[in-house]
Amino acid sequence: MEQLMRNFFLFLSKNKTLTKLAKKYGLRFGAARFVAGVDFEEASKKIKKINDSGLVTTVDHLGEFVDNEQEAIESANECVHAIEIISKKSLNSELSLKMTSMGLDISRELVMSNMRKILEAGKKHRVTVTIDMEDFERCQKTLDIFKELKKEYDNVGTVIQAYLYRTEQDIKELNEYNPYLRLVKGAYKESPEVAFPDKKDVDSNFKKIIKMNLLNGNYTAIATHDDAIIKYVKELVKEHNISKDLFEFQMLYGIRKEAQEQLHKEGYTMRVYVPYGKDWYGYNMRRLAERPANVWFVLKGVLKK
Ligand code: FDA
C-alpha cells in the first residue's frame, strides 16, 4: 500500500498541467509545512529565525522542468536576487538550485550563462551555490556542467544520490575536483536498471559513499532524516578522528525540527534546506511520496478549511 502511494505521488509530481495550475495559487495541500513562502521576502524571515537559533540554511527557489528560455533567465535572476538579499540581511545561507530551472532541457549555452551569472554573484557576496541532482536522465549532464564550473568557481557544489548504481564510480571520479558534495538517498522514481530497488541496498550504498567521501577528505554534507544513518556518521567520524569542520548534517525545512535542534546542540553544523517560490507543487508531492503518513496531516489541513 505504502509503495503504491509513493508511486502515485511521484507520478503526480511530474504532471506538467498540475504544476502550471498550482503556480496560480498560493501554498495549498499542506505545502506551507514544507515551503517557506511564495517569495524570498517571506522566506527570508523564516531563514532569519532559523539562523537566530544557531542553524544555517540553504535556500532554494523552487522551479523545475522549465521549457522556455525567458522562464529560465527569470529563475536565474531570482537566484541572483536571493544571493543579494542573503548578503544584505547578513543571513547565514547557501543557495541551492535545479539545472532544469536554469534551462538544462533547452540548451547548454543557456544553462552555462545562467550559472555563471549566479556563481559570479555568489563569489561577490561569498555565497556557496549547490546544484541539486534531479532524475537519472539528467545526471550525467548535471555532473558534466558541475565539473566544468568547478574549474572556474570555488563556490559551487552538487548532490550525489545513493540509490544510483553509478554513484560509487561518480564519487571516485569527482575526487580530483575536491568537491563539496551533498549526499542523499535520492528522491525520484527510477527504474531498477539504474537504481537499487530495495531500501536496504540504498541505505548500505549511502553508508559506503559517505565513508568514501569523508575519507577522501572532501567537505561532505550528509542530507538525511534517518537516525540510523546519522548514528553511523557519528561513529564513523569518531573512529577516524574526522573534525566537525569537515562535514555537516542537512535536513529539509519542516521535517524533524527537534532532531535538527538536537544535532546543533551536540555541536554539529546543521543546515536546513529552505524552499520557497510559486512553483511548490512537484517539491511538495515528492515530500508526500517519501512519507505517505504526511498525507493524513495534509488531509486534516484540507478538511479544517
Ligand atoms: P528515509 O526516507 O529512508 O527516512 C528515514 C526516516 O526519516 C523515516 O523513517 C522517518 O523517521 C524520517 N523521515 C523521513 N522523511 C520524513 C518526512 N517527510 N517527515 C517526517 N519524518 C521523515 N534528493 C534528490 O534526489 N536530489 C536532491 O538534490 C536532493 N536534495 C536534498 C537536500 C536535502 C537537504 C535533503 C535533506 C534531502 C534532499 N533530497 C534530494 C531528498 C533525499 O534524496 C531523500 O528523498 C529524503 O531526504 C528522504 O530520505 P531520508 O534520507 O531522509 O531517509
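Helices (H or I, at least four residues) and strands (E, at least two) are DSSP runs, numbered from the N terminus. The exercises below concern a predicted model.

**Exercise 1.** Locate Met133 among the secondary-structure elements, and decide whether Met133 is buried or exposed.

*Solution.* Begin with the position along the chain: Met133 lies in the loop that joins strand 3 (129-131) to helix 6 (139-152). Next, apply the cut-off, by which a residue is buried if 20 or more other C-beta atoms lie within 10 Å of its own. Met133 has 25 other C-beta atoms within 10 Å and is therefore buried. Finally, list the contacts: leaving aside residues up to four places away in sequence, Met133 touches Cys139, Thr142, Thr158, Val159, Ile160 and Gln161.

**Exercise 2.** Carry out the analysis for Gln161, asking in which strand Gln161 is found and which residues Gln161 touches.

*Solution.* Gln161 is found in strand 4. Because 26 other C-beta atoms lie within 10 Å, Gln161 is buried. When residues up to four places away in sequence are not counted, the contacts of Gln161 are Met133, Thr167, Val184, Lys185 and Gly186. The UniProt record (unreviewed entry) places the feature "binding site" at positions including Met133, Gln161, Lys185 and Gly186.

**Exercise 3.** Describe the shell around the ligand: which residues come nearest, and which element gives the largest share?

*Solution.* Of the 24 residues around the ligand, Asp132, Val184, Ala187, Thr224 and His225 come nearest. Two or more residues each are given by strand 4 (156-161), strand 5 (180-184), strand 7 (247-252) and helix 11 (281-290), and the largest share, three residues, comes from strand 7. By residue class, the shell divides into ten nonpolar, six polar and eight charged residues.

Definitions and conventions. Residues are numbered from 1 along each chain as its sequence is written. This is a predicted model: local features need pLDDT of at least 70, side-chain atom pairs count only at pLDDT 80 or more; totals for chains, interfaces and linings use all residues. A residue is near a molecule or strand if its C-beta atom, placed from the backbone, lies within 6 Å of it. Ala, Val, Leu, Ile, Met, Phe, Trp, Tyr, Cys and Pro count as nonpolar, Asp, Glu, Lys and Arg as charged, and the others, Gly among them, as polar. UniProt positions are given in the numbering used here, feature names are shortened, and annotations may be inferred rather than shown by experiment. A residue is buried if 20 or more other C-beta atoms lie within 10 Å of its own, exposed if 12 or fewer, and partly exposed in between; C-beta atoms are placed from the backbone. Two residues are in contact if their C-beta atoms, placed from the backbone, lie within 7 Å.
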